[in-house]
Each structure stands twice: as C-alpha cells, then as structure tokens.
Amino acid sequence: MGEEGTEGTVHLLCLAASSGVPLFCRSSRGGAPARQQLPFSVIGSLNGVHMFGQNLEVQLSSARTEDTTVVWKSFHDSITLIVLSSEEGTSELRLERLLQMVFGAMVLLVGLEELSNIRNVERLKKELRASYRLIDSFLGDSELIGDLTQCVDCVVPPEGSLLQEALSGFAEAAGTAFVSLVVSGRVVAATESWWRLGMPEAVLLPWLVGSLPPQAARDYPVYLPHGSPAVPHRLLTLTLLPDLELCLLCGPRPHLSQLDAQLLERWWQPLLEPLRGCLPLGPRALPAGFPLHTDILGLLLLHLELKRCLFTVEPSRDKEPSPEHRRRLLRSFYTLVTATHFPPEPGQPDEKAEEAVHRAQVARACYLVSGTEEPGTGWRLVALQLGPRRLLLLLSAQSPTYGLRGLATHTLHALTPLL
C-alpha cells in the first residue's frame, strides 16, 4: 500500500470555466506550502484538454502518468478546479474529495453567486484571497481528517454532560440555536441545531476556526454552501482558553459586544476545570485513561449516519512510526477500503443505485499487512464495519494477524458509547 502524503508536490488550479482565466494556483510540497508555480503553458494544456472533451460531450475526470495523478472537476459550469499530485500512493478518491472541500471553502467565504455568475474576474481573484489559508490547510499535513472522510472531527470530553448543559443554556441566553465548542478545529460539544448543519459546512466551520490565527473574538461573515449559499451569516468566535473557542452561527443579532464578559463568566467560569480538561483532547480525541489495547498505534472511528468521526494517532507515542507517518498510513488505508472494499457512505454522490442494492454482498472487515514480510516488522491495518460505524485501526507488528478482527470488534464495542 502506497502512503498518501509522502514527499511529493500538489498543485491546485482554479480557473474560470468559460474563459480559462486562472483565478488562483496553490501548491504544497511534502505537506508544507510551496511557492513553486506551474507554467502558464501547462495550465492552459490541462484546461484545454478538459474543455476539448466537454465539447465532444466527454467528461474527463482523471488521468495518471508515471508519477502524477490529475483530477478535474467543474462546478456550476462556471468554475473548473484541477489538482495534480506527485505524492506517492495518492488516490483519485482523495483528490476528488479535496476538490469538493476546496469549492466548499470558496463558497463559504465568497458566496455561490459570485462564483456561479462571474462578472468581474479581477475582483473575484481579490475576494478569493480570503480562502487561501483554509485551502492551504487542506493541502498541508493536517492533524484532522474530515476533509477526506467528510465527517466532522470530534473529541470526547471527560465531562461532556456538564459542557452540553452549559452550551444549551448559553445558546438560549445569546439568542442563537447554533453554538459549538471547538478545540484545535475539533468539535467538543454542540447544540442540536449545530449538529443538523449540512455538508460541507459542518466540516468547514470548525476547520476554518482551527486554521485562523489566535484572536480573543471574531465576527466573521460566512455563507453556508449547503444551507445558505447566497445569503451570508455571521460566525462569532470567543476564545475561552488557548485553542478552545466558543462558536456561534447567527444572523444580524446578537452583536459581538452583547456577548460580554459577564455573560461568559456566568456560564463558563464555574466550568473552568472541565474546560481545561478539553485542551489535551485536540490530538488525543479520547479522554485520558480510556482503555485501548497496547498494540493500537492509531484509530479512526466513523459514524456514517451522524457524519462524525474520532481520529487519533496518540496511543503508544513512544513506539514507531511517527505521528505524521501514522496519519498517512490511516488516511491511505481509509481511501483503499472506502474505494475498494466497503460501500460508499450514505448520501455520497458517488454511490450508484446498483451498489446500494448489493450492500449485503460487500465486505464487513478487511486487514492489510504493511512493510516487510519478516516476522515482527511493519504494521497491521484492520477495518471493521458494524451498522453505521466503521473502525480503522493501525496496529504494531507484534499484533498477530489471526487476532486482528477480534481486537477490532472488542475496540469498536468499547468505543460505541462515545460515538
């Protein structure tokens, strides 16, 4: 299995579909932003071959060369996005979902009207600069995985019921039904209305908050790509502790000044210790002391109906491989099992009718041995699906292959009450 995200370059191109004028180009190398730009002749050729196919009523969606994968996608007959990746093991599924998230980010910060009906290319270029930081975070080596799974990255706080009660009370006092508590881009707790947000904004909003530079308070205009792509809302954020922010989605009211210190102290000062307990949850996701088998090096738990996930590579940090390597292994394994072994997630646009009919015939578990064939070397990866939950585990080489399914089943049962 190739490891997605290993050293390589990713180029993302955005063009006006009708004219072929480039709106922006973003690049990354080895997971870090890069200044390397594609020559205009290459950009023109990539767009030209796509337009040539469209004129012949042929939809060109992807292509592979010896060392590069290219994916094209058009949105509203107005915007064409093209991504080229020379990262080893890059899958088309990953790149297709990357383009969906990029366009969602563009709508989130610019609005669909500006993108679907381009009146002034130069003005649009300037407006799209506001989305660069968010888009670059998709291209980088993020600790989050919602861009790939299209599920909200969550954590499990040790005193969740107390936080949930305070969140509901604060939302009522603030006059908005859409409130969440976010740590490092992951949702700790949220109101029912926030959880009902559609995709992709449910993933994009906490990701946006996590990508912005620290600030005590923000009043940020956003569009909701699914729920309100033409009319902007306001995203208010209030920092309770470093990396722990209160997020409110609202209309013209309340004004940021109405959310004064007295209101915050009333609801959150009594919960200072539970709030502090949320800070380590960013990369860890699970409460301290949660029992996991010592062979587990990383896990990804998805609830496919709720569209939420838990993702961590923190267990047994003293063992190889590094956290970055673990994330790459799990991301690559997710794309493999999603594209090959398991049915598409409910509601995915790539799900075909015949695939839905034959759900009963697809695999419910699979495993993969990565690395050399020598005993005690490499890593084990196992995936298990039970009902709406899908669990992926990265395990050390000491874990015997005959016990993988049993270990995964036991772990999934232990995690089920959390998600």
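Two strands are said to pair if DSSP finds at least two bridges between them, and helices (H or I, at least four residues) and strands (E, at least two) are DSSP runs numbered from the N terminus. The model is predicted, with local features needing pLDDT of at least 70 and side-chain atom pairs counting only at pLDDT 80 or more, while totals for chains, interfaces and linings use all residues. Residues are numbered from 1 along each chain as its sequence is written, and side-chain values use heavy atoms, with hydrogens and water left out.

**Exercise 1.** Work out the strand order of the sheet that contains S1, and find which strands are its edge strands.

*Solution.* Begin with the order, which is S3-S2-S1-S6-S5-S4 in an open sheet of six strands with antiparallel pairing. Next look at the ends, where S3 (32-34) and S4 (62-64) are the edge strands, each pairing on one side only. Then take the pair formed by S1 (residues 9-16) and S2 (residues 22-29), which is antiparallel and runs over seven bridges; within it, Leu13 has Cys25 in S2 as its bridge partner. Finally add the helix H1 (residues 40-55), which packs on the sheet and touches S1, S2, S5 (69-75) and S6 (79-85), where contact means heavy atoms within 4.5 Å. The direction of H1 makes about 60° with that of S5, angles being taken from 0 to 180 degrees between N-to-C directions, with axes as lines fitted to C-alpha atoms, for helices over the stretch in contact.

**Exercise 2.** Explain why S7 and S15 each have one side without a neighbour in the sheet.

*Solution.* Start from the order S7-S14-S13-S17-S16-S15, which describes an open sheet of six strands with mixed pairing. Since S7 (152-153) and S15 (365-370) stand at the edges with a single partner strand each, one side of each is left without a neighbour. Further in, S13 (residues 296-303) and S14 (residues 308-312) pair in the antiparallel sense over five bridges, and His303 stands opposite Arg308 in S14.

**Exercise 3.** Determine how H7 runs relative to H10, and which residues make the contact.

*Solution.* First, the axes of H7 (residues 160-174) and H10 (residues 261-268) come within 9 Å and cross at roughly 150°. That makes H7 roughly antiparallel to H10, a description used for angles over 145 degrees, whereas those under 35 count as roughly parallel, 65 to 115 as roughly perpendicular and the rest as oblique. Lastly, the contact is made by Leu163, Ala166, Leu167, Gly169, Phe170 and Ala173 of H7 together with Leu263, Leu264, Trp267 and Trp268 of H10.
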